[in-house]
Amino acid sequence: MIRGPKRSFFSLHLALAVFFFNGLAVAQVVSTSAPPAWSVGDWWVVECQVYNTGKVVRGAKPGWTPRQGWRFEVEGSESIASQPYFVVSIRPEGGNRCPYWFRYWFRVSDRYVGRSELHHSEHAASKPNALKPSVVRDDFTDTPPGPFLTDEFPSLPLSMPLFNANCKPLAGGDKSEVSQAFENLADSRVLEKADLRMASKLEAEAGRRNLLVRISTLKITERQYWNSGLPWCLYGERTENGHDFRRYWLVDVGRK
Amino acid sequence: MNKSLCKCVLVGALVLTISGGCWAQPAWAVWSCWYWPWHDNYNPNLFDSGEAMYRYDLYTGAYSQWWEYNYHGPPQYPAPWWGHCHAWAAAAVWEPQPEYSKSVGGITFRIRDRKGLMVETYNACADGDSYEFLVDNPTPGTFWKYLRKEIGGINPMHGEKMGFVGELYYGDEVWNYPIYKYSVTLSSSSPYSGTIKIWVASDGKPSYANSTTLYYKTYAYKFKGVRKNSRGDPVSSGTWIGTGPYSRPDAIWRPYYATTWMQYADNTELSEGYLNDILSDE
């Protein structure tokens, strides 16, 4: 008789504790997220800097390179295999020396990257043997959907999670090498990572959902801080083999 | 102050790296050169009288020889192996090889002078913000992926085969070479083990600078544990077998194409128009 109530009392506390801690966990780690809202005409600018290890040049001093700007613009929408995709152009901006520009196709439903194009630009240089203007297209739609992560063009921060998807490491194909995880964040944690130029826009989006997204392979970890009211992550960083590789900031957004 | 010091291979050090020879060069491929050392006891240097900068100054009235001596030469207290290997390797994957002497304004620029100037124009290409790709300590799967893609021509970045640069000394030293050919022998089932063999142009003898023959070296790397994806592309996976400085590539990279001669040139005495006079082929 005595032990019964004691057991019940203990069980109640245990249940409350389990509920409490589970509740916390559920509030932090989430299974998935809707993609950012994009419309044709939306544009945004991302600045990226790469950590130069100096490894391939004897005597080079390791350190962060100057920021380089990239302007993203949602140019239109197209269908690939009967599914709608946003077509986004990405062009070097300001002092960015990249002689190419890009187009990427992001599936509307989950931002799966289904196609890319590299464009050789016209050059006004005197150099006679400049790259001829051309377009190189790559289609990815024969691979299982997964987050997009590439080691090409390190100063172009184009890693993209797969939204509306299960967060477990995805099985099959090369995507088995890439996993992603979403975590809810407080406004303050996103704000402290954001570029100052975005502070006012971020305040206007207060109360929106903030997310930390991790995209990982064996050697690479990309962390991105998203606010659901903005078209691109506010801040991101990549480490390779545990070392700094690059970091990038959303610095401007608008609509044509 | 110029940062682009480079540890390059010396004459006689090549015995460590397997084999050498010459090769019938595909149209897209790379070219051999000399590493143009900074140390005055290892010759020729780009700043020597009679060499590229001397001739450039005769034509233009500039002081590029003085600049080269001061910033890529003895005042920097270079070790004997410091040189231009990174700049040569990048130029050799992007630029057509100068194949003849050219007289401009009454000054003759030999093949070695035109190669030397072309190398100098790529000296700042590896300062960190202009890479098409840079993979530090690539896994065997990643290295194989880039070899297939860029040199094998399987969905290459620019739509056609081209070489890329390998920093091939696994350790503190820096030895860059343009990679232009490869072969892979491997086990019959996944995860794959085997050997990746690569061919690289060489910069180990002064005479290579004045020649249009492709002098080469080979490296062979043993690996295990590599997997492929559903497209048949190797993915980042596997481990290298062995631990020595030639057991694996240290890094692979390629800079953006230089749309002007001066894009990566740090010798401030050079200028676009004069370089174009000397380096253009028409």
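## A tour from one helix to two contact surfaces

Begin at Gly153(B), which follows helix H5(B) and has a positive phi, near 75°. Keep in mind throughout that this is a predicted model.

Step back next to H5 itself, residues 140–151 of chain B, and select its two end C-alpha atoms, which lie 16 Å apart; because twelve residues at 1.5 Å a residue should span 16 Å, the model agrees with the expected length. Colouring this helix by burial will show that H5(B) is mostly covered, with ten of its twelve residues buried. Among the buried residues of H5(B) are Phe143(B), Trp144(B), Tyr146(B) and Leu147(B), and the list also includes Lys145(B) and Glu150(B).

Now widen the selection to the domains of chain B, taking 31–126 together with 260–279 as domain 1, and 138–255 as domain 2. The centres of these two domains of chain B, taken over C-alpha atoms, are separated by 28 Å, and their contact draws 22 residues from domain 1 and 23 residues from domain 2. On the domain 1 side of this contact, select helix H3 (85–94) and helix H4 (111–120) of chain B, each of which supplies at least two residues, with H3(B) giving the largest share, seven residues. That side of domain 1 divides into 14 nonpolar, four polar and four charged residues.

Finally, show both chains, where 45 residues of chain A are in contact with 46 residues of chain B. On the chain A side, strand E2 (42–52) and strand E8 (135–139) each supply at least two residues, and the residues of that side comprise 17 nonpolar, 15 polar and 13 charged.

Notes
Residues numbered from 1 in each chain as written. Chains lettered and ligands numbered in written order. Predicted model: local features only at pLDDT ≥ 70, side-chain atom pairs only at ≥ 80, totals over all residues. Domains from an automatic or database assignment. Contact = placed C-beta atoms within 7 Å. Helix = DSSP H or I, 4+ residues; strand = E, 2+ residues; numbered from the N terminus. Nonpolar A, V, L, I, M, F, W, Y, C, P; charged D, E, K, R; others polar. Expected span 1.5 Å × (residues − 1). Buried ≥ 20, exposed ≤ 12 C-beta atoms within 10 Å, placed from the backbone.
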